Amino acid sequence: MNGTNLADLVDLLGRWASGRGPLYLLLAARLRALIDDGVLAPGEALPPDRVLAARLAVGRGTVVAAYELLRQEGRLTRRQGSGTRVAPLDLSATRAADGVPANPLLQHLLHPPDGVLLLTCAAPVDPPGVVAEAYAEAAALLPGAYGLGYQPAGHPALREALAAYYTERGLPTAPEEIIVTTGAQQALTLVTGLLVSPGDTVLAETPTYPGALEVFRHAAAVVRPAASIEDTRERPALAYFVPTVRNPDGAVMDNLSRRRLAGLAAAYDVPLIDDEVRAELCFSGERPPPLASFARGEQVITIGSLSKLVWGGLRVGWIRAAAPLASRLARLRAVHDLGGEVVSQLAAVALLRRLDEVRATQVCTLRARHDHLCAELRACLPSWTFTPARGGHTVWVRLPRGDADSFAQVALRHGVAVPPGRSFDPRGGHADHLRLHFLLPEEDLSRAVHTLAVAWDSYRGDGRAVSRQPLIV
C-alpha cells in the first residue's frame with residue numbers, strides 16, 4: 001500500500017470499530033494485525049494523527065493513544081519530522097520464498113536462519129526414547145479409542161489421568177474439571193477468549209512469558225504489570241502468574257506467597273491463571289503445590305503441558321478449572337477444531353504413568369546443562385550478571401551497558417539469536433536483560449557463549465533499533 005494513500009488504509013482498517021471496548025484499543029488491534037501480517041510493510045508511513053482521526057471520525061486522542069501503544073510494543077516508530085512509520089524488523093527477510101508475507105512474530109519458527117544457534121525457543125529439541133514407546137502403546141489402543149475421535153474436552157482416558165495427577169498432588173480433581181488442549185498456548189488463548197473483552201485489564205508479572213502477553217494484546221486487553229492482584233485500582237478481568245519455575249528467570253514462589261495470591265483471587269473475585277507448564281522441572285526435585293490447592297473459591301485456573309517437560313513437538317496441554325468453566329471452554333474449543341489429535345492424547349496417558357522417570361531424567365540433564373552455561377558465562381562474560389535458575393530451561397541475564405535489543409542484532413550477525421528482555425515485560429521494560437536457554441548439548445552451549453563474548457567485544461552499546469521480536473516460548 002502507498003503510505004500516503006489515506007483511502008487505502010481506511011479500506012484496510014475495515015470495520016475496526018465494531019468490537020467492544022475503547023476505540024483506541026480497537027484501532028490498535030486492527031493496525032497490529034495489518035503490521036504483523038505484512039500488509040503494512042516496515043518503514044511504511046502512516047497518516048498524521050489529525051488526518052487519520054478526521055477520516056475515521058474520532059478524536060485525535062484516539063489515534064495518538066493507538067499509535068503510542070503500538071510504539072511501546074515496538075511495532076511503530078514516531079519521530080518529529082519523519083512522522084509515524086512501521087518499525088523495521090529485526091530479521092533480514094520479511095517474506096518466504098513463495099512471496100507470501102511472513103508474520104514477524106513467527107519468523108524464527110517458520111524460517112530459521114541458516115547457520116544460527118537459536119537461543120530464542122526454549123523447548124526440548126529432541127524427543128526422548130520414551131516418546132516413541134508411548135506412541136507405540138497408544139497405537140495398540142486405537143481399535144477401542146472411542147469412535148470418531150471428535151472430543152472437544154479431550155479423550156476420556158487422558159482427562160481421567162490428569163484428574164488423578166492433580167489428586168495425587170493434593171488437589172482433588174474430577175475428569176469434568178479437565179479440558180485437553182493443543183499445548184498450553186491454546187489453553188491461554190481459550191481462557192482469554194472466554195473471559196477477556198476488548199479494553200479489559202489483565203494483570204501479569206514482570207518479567208513473564210511473552211507468549212501470554214501476545215495472547216492478551218491480540219484480545220485488545222490492557223496488560224498491566226503487577227506483583228499482586230491488589231496492585232491495581234480497577235477489577236481486572238484476568239490475572240496471569242507463573243509461580244513455579246517462571247519463564248524467563250526460573251524463579252519459584254514460596255508457599256506463603258502462593259496462599260496469599262490465591263486468597264486475593266478469591267477476595268477480589270478475579271480469575272487467576274496458574275501457569276504450571278514448567279512445574280515439574282524444579283532442580284531440587286520438589287513439586288510445589290498448585291495455586292488452586294490454596295483457593296477457597298473457584299477462581300484459580302491451572303494450565304499445564306507436556307511440551308516443556310518432554311518434547312516441544314508433543315502438542316498436548318490442558319486446563320484444570322471448575323466444571324462449569326471447563327464445560328464452557330470445551331464448547332468454545334469445539335468451534336475452533338472439534339478436539340485434539342487422539343493418538344497424542346493416548347501417548348500422553350502412557351507418559352503420565354512414567355512421569356517420575358521422565359522428570360528425573362530431564363531434570364538431571366537440565367541441571368547439568370544449566371551449571372555448564374553458568375560456568376561459561378562467568379568465565380567468558382564476567383561483567384554479565386544473573387541469578388542461577390531454580391529449574392526450567394532459561395537464565396535471565398542483565399547486561400552492564402547498552403540495551404539488549406541492539407545487542408541482539410549484533411549477536412545475530414555473529415551467528416547467535418537471543419531474545420531481548422523487552423519482550424518479557426508488559427510495559428516494554430527490562431531493556432537491559434536477555435534470556436538464554438540451556439537446552440543445547442554442552443559443546444553447543446560453550447560455542448554459543450564464546451560467540452556471544454566475541455559479539456559483546458564488538459558491541460559499543462550506542463544506538464537502539466526498535467524492532468518486533470520473533471515469537472518466544
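In the predicted model, the axes of helix H14 (residues 404-414) and helix H15 (residues 442-458) come within 9 Å and cross at roughly 125 degrees. Angles of 65 to 115 degrees count as roughly perpendicular and those over 145 as roughly antiparallel; H14 is therefore oblique to H15. The crossing of H14 and H15 is right-handed. On the H14 side the contact is made by Phe407, Val410, Ala411 and His414. H15 contributes Thr451, Leu452, Val454, Ala455, Trp456 and Ser458.

A second helix pair is formed by helix H3 (residues 49-56) and helix H4 (residues 60-72), whose axes come within 8 Å and cross at roughly 120 degrees. H3 and H4 are therefore oblique to each other, and their crossing is right-handed. Asp49, Arg50, Leu52 and Ala53 of H3 meet Arg60, Val63, Val64 and Tyr67 of H4 in this contact.

The strands are considered next. Strands of a sheet pair through backbone hydrogen bonds, either parallel or antiparallel. Seven strands of the model form an open sheet with mixed pairing, in the order S5-S11-S10-S9-S8-S6-S7. Strand S5 (178-181) and strand S7 (222-225) stand at the edges of this sheet. Each of these two has a single partner strand, so one side of each is left without a neighbour in the sheet. From one strand to the next, the twist averages 20 degrees.

Within the seven-stranded sheet, strand S8 (residues 238-241) and strand S9 (residues 272-275) pair in the parallel sense. Three bridges join S8 and S9, and Ala239 has Leu272 of S9 as its bridge partner. Strand S9 is covered on both faces. Leu272 and Asp274 lie on one side of S9, Ile273 and Asp275 lie on the other, and all four are buried.

Strand S10 (residues 300-305) and strand S11 (residues 317-320) run antiparallel and are joined by four bridges. In one of the pairings, Ser305 has Gly317 of S11 as its bridge partner. Thr302 is also placed in strand S10. Residues under 20% relative accessible area count as buried; Thr302, at 0%, is therefore buried. Apart from neighbours within four places in sequence, Thr302 is in contact with Tyr166, Asp274, Glu276, Ala292, Trp318, Ile319 and Arg320. Among these contacts, Asp274 is one of the buried residues of S9.

A second open sheet consists of three strands in the order S1-S3-S2, with antiparallel pairing. Strand S1 (45-46) and strand S2 (76-79) are the edge strands, and each pairs on one side only. S2 and strand S3 (residues 83-86) are joined in the antiparallel sense by four bridges. Across this pairing, Thr77 stands opposite Arg85 in S3.

One loop residue was also examined. Arg169 lies in the loop between helix H7 (156-168) and strand S5. At 12% relative accessibility, Arg169 counts as buried because the value is under 20%. Not counting residues up to four places away in sequence, Arg169 touches Glu276, Arg287, Pro288, Pro289 and Pro290. Glu276 is also in contact with Thr302 of strand S10. Arg169 and Ser293 are 124 residues apart in sequence, while their C-alpha atoms are 9.0 Å apart in space.

The cysteines form no cross-links of the disulfide kind: the structure holds zero disulfides. Cys282 is in no disulfide, and the nearest cysteine sulfur, that of Cys364, is 16 Å away. A disulfide requires two cysteine sulfur atoms within 2.5 Å. Cys282 has 1% relative accessibility and therefore counts as buried. Cys380 is likewise in no disulfide, and the nearest cysteine sulfur to that of Cys380 belongs to Cys374, 13 Å away. Cys380 counts as partly exposed because its relative accessibility is 26%, a value that falls between the limits of 20% and 50%.

Terms used:
Residues numbered from 1 in each chain as written. Predicted model: local features only at pLDDT ≥ 70, side-chain atom pairs only at ≥ 80, totals over all residues. Heavy atoms only, no water. Buried < 20%, exposed > 50% of the residue type's maximum accessible area, 1.4 Å probe, protein only. Pairing = 2+ DSSP bridges. Axes fitted to C-alpha atoms, helices over the stretch in contact; angles between N-to-C directions. Parallel < 35°, antiparallel > 145°, perpendicular 65-115°, else oblique. Left-handed = near helix turned anticlockwise from the far one by under 90°. Contact = heavy atoms within 4.5 Å.
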